[in-house]
Amino acid sequence: PPAVDLNAIQGVLATPAGEVVLYGERGAVIGVGLAGTTHPWAPPDPDVTWLGASLQPNEIIFVGENVKRHVSLLGLMFPGQPISQRPVEGFGRLLAAARLPSGNLLACGETGELVHLGAGPPVPISWGRTGHLLAIAASPDGSAHVVGSGGHALLVSPQLEAKLEPVQTTREDRGGDEVGAD
């Protein structure tokens, strides 16, 4: 839509009702209706950039940063309520989050951040931290799948133990034959 600065948008979500939610810089959370009309879902916040979001049945989970204070943020938005923000001190930029069926909330991000965000202080989940983690998805069995740069793939158990998963990749050489890659 013409009213939206697309350079400031970091991501998009689609709601079950067919509405699109854009999010990004300056705390933007903008609903775009089926007819293309826009309306803010949250007031602007010049200090916030939302870098990732996850749509859950009764909430939207946002992760990002307070760009003025250089601290990661968790944002939770429940129907009809404003986003509640919580700083996630001591961790790098968070890029994605997911809520597991158990209710546990996990987030991942740059420099291999993998963190459990419960009621208390954030708790790091140990793994080799050999790459950036870019996306996370909850699995119905209570685990989570996390992927990142360099072909990294992690399986996080329901007990919040992370295990690096083997990834099979292929590439084509100049002759068109497939060659296994590490």
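The radius of gyration used here is taken over C-alpha atoms, and the globule rule is 2.2 Å times the number of residues to the power 0.38. The structure is a predicted model, in which local features need pLDDT of at least 70 and side-chain atom pairs count only at pLDDT 80 or more, while totals for chains, interfaces and linings use all residues. Residues are numbered from 1 along each chain as its sequence is written, and side-chain values use heavy atoms, with hydrogens and water left out.

**Exercise 1. Overall dimensions and make-up**

Task: Compare the radius of gyration of the protein with the globule rule, then describe its box, surface and secondary structure.

Solution.
Step 1. For 182 residues, the rule puts a compact globule near 16 Å; the protein has 18 Å, which agrees.
Step 2. Along the principal axes, the C-alpha atoms fill a box of roughly 50 × 45 × 35 Å.
Step 3. The exposed area is about 9900 Å², and carbon and sulfur atoms supply 55% of it. Accessible areas come from the Shrake-Rupley method with a 1.4 Å probe; for residues, only the protein chains shown count as cover.
Step 4. Buried residues (under 20% relative accessible area; exposed is over 50%, partly exposed in between; 1.4 Å probe, protein chains only) make up 43% of the 182 residues.
Step 5. The protein has 18 strands and zero helices. Both are DSSP runs numbered from the N terminus, with at least two residues for a strand (E) and at least four for a helix (H or I).
Step 6. Of the contacts (heavy atoms within 4.5 Å) with a separation of 6 or more, 30% are between residues 24 or more positions apart.

**Exercise 2. Confidence**

Task: Which stretch has a pLDDT below 50?

Solution.
Step 1. pLDDT is the predictor's confidence in each residue, from 0 to 100.
Step 2. Its mean over the protein is 89, and 92% of the residues reach 70 or more.
Step 3. The stretch below 50 is residues 172–182, which has 10 contacts in the model beyond near neighbours in sequence.

**Exercise 3. An open sheet**

Task: Give the strand order of the open sheet of four strands and locate its edges.

Solution.
Step 1. The order is E1-E2-E3-E4, with antiparallel pairing; two strands pair if DSSP finds at least two bridges between them.
Step 2. E1 (9–14) and E4 (38–40) are the edge strands, each pairing on one side only.
Step 3. On average, neighbouring strands of this sheet are turned by 25 degrees against each other, direction ignored. The axes are lines fitted to C-alpha atoms (for helices, over the stretch in contact), and angles run from 0 to 180 degrees between N-to-C directions.
Step 4. E3 (residues 29–32) is joined to E4 by three bridges, and Val-32 has Thr-38 in E4 as its bridge partner.

**Exercise 4. A hairpin**

Task: Is strand E9 largely enclosed or open, and how does it pair with E10?

Solution.
Step 1. Five of the six residues of E9 (residues 94–99) are buried, so the strand is largely enclosed by the rest of the structure.
Step 2. E9 pairs with E10 (residues 105–109) in the antiparallel sense over five bridges. Ala-98 has Leu-106 in E10 as its bridge partner.
Step 3. The two strands form a hairpin with five residues between them, and Gly-103 in the turn has a positive phi of about 100 degrees.

**Exercise 5. Two residues of strand E7**

Task: Are Leu-76 and Met-77 buried or exposed, and what do they touch?

Solution.
Step 1. Met-77 is in E7 (residues 71–77), and Leu-76 is found in E7 as well.
Step 2. Leu-76 is buried, with a relative accessible area of 16%; Met-77 is buried at 6%.
Step 3. Beyond four places in sequence, the contacts of Leu-76 include Arg-99 and Leu-105, whereas those of Met-77 include Trp-41 and Phe-62.
Step 4. Leu-76 and Leu-105 are 29 residues apart along the chain, and their C-alpha atoms are separated by 11 Å.

**Exercise 6. Positive phi outside glycine**

Task: Where in the chain do Thr-111 and Arg-129 lie?

Solution.
Step 1. Most residues other than glycine have a negative phi.
Step 2. Thr-111 has a positive phi near 55 degrees, lies in the loop between E10 and E11 (114–116), and is partly exposed at 45% relative accessibility.
Step 3. Arg-129 has a positive phi of about 50 degrees, is found in the loop between E12 (123–124) and E13 (133–138), and is partly exposed at 42%.
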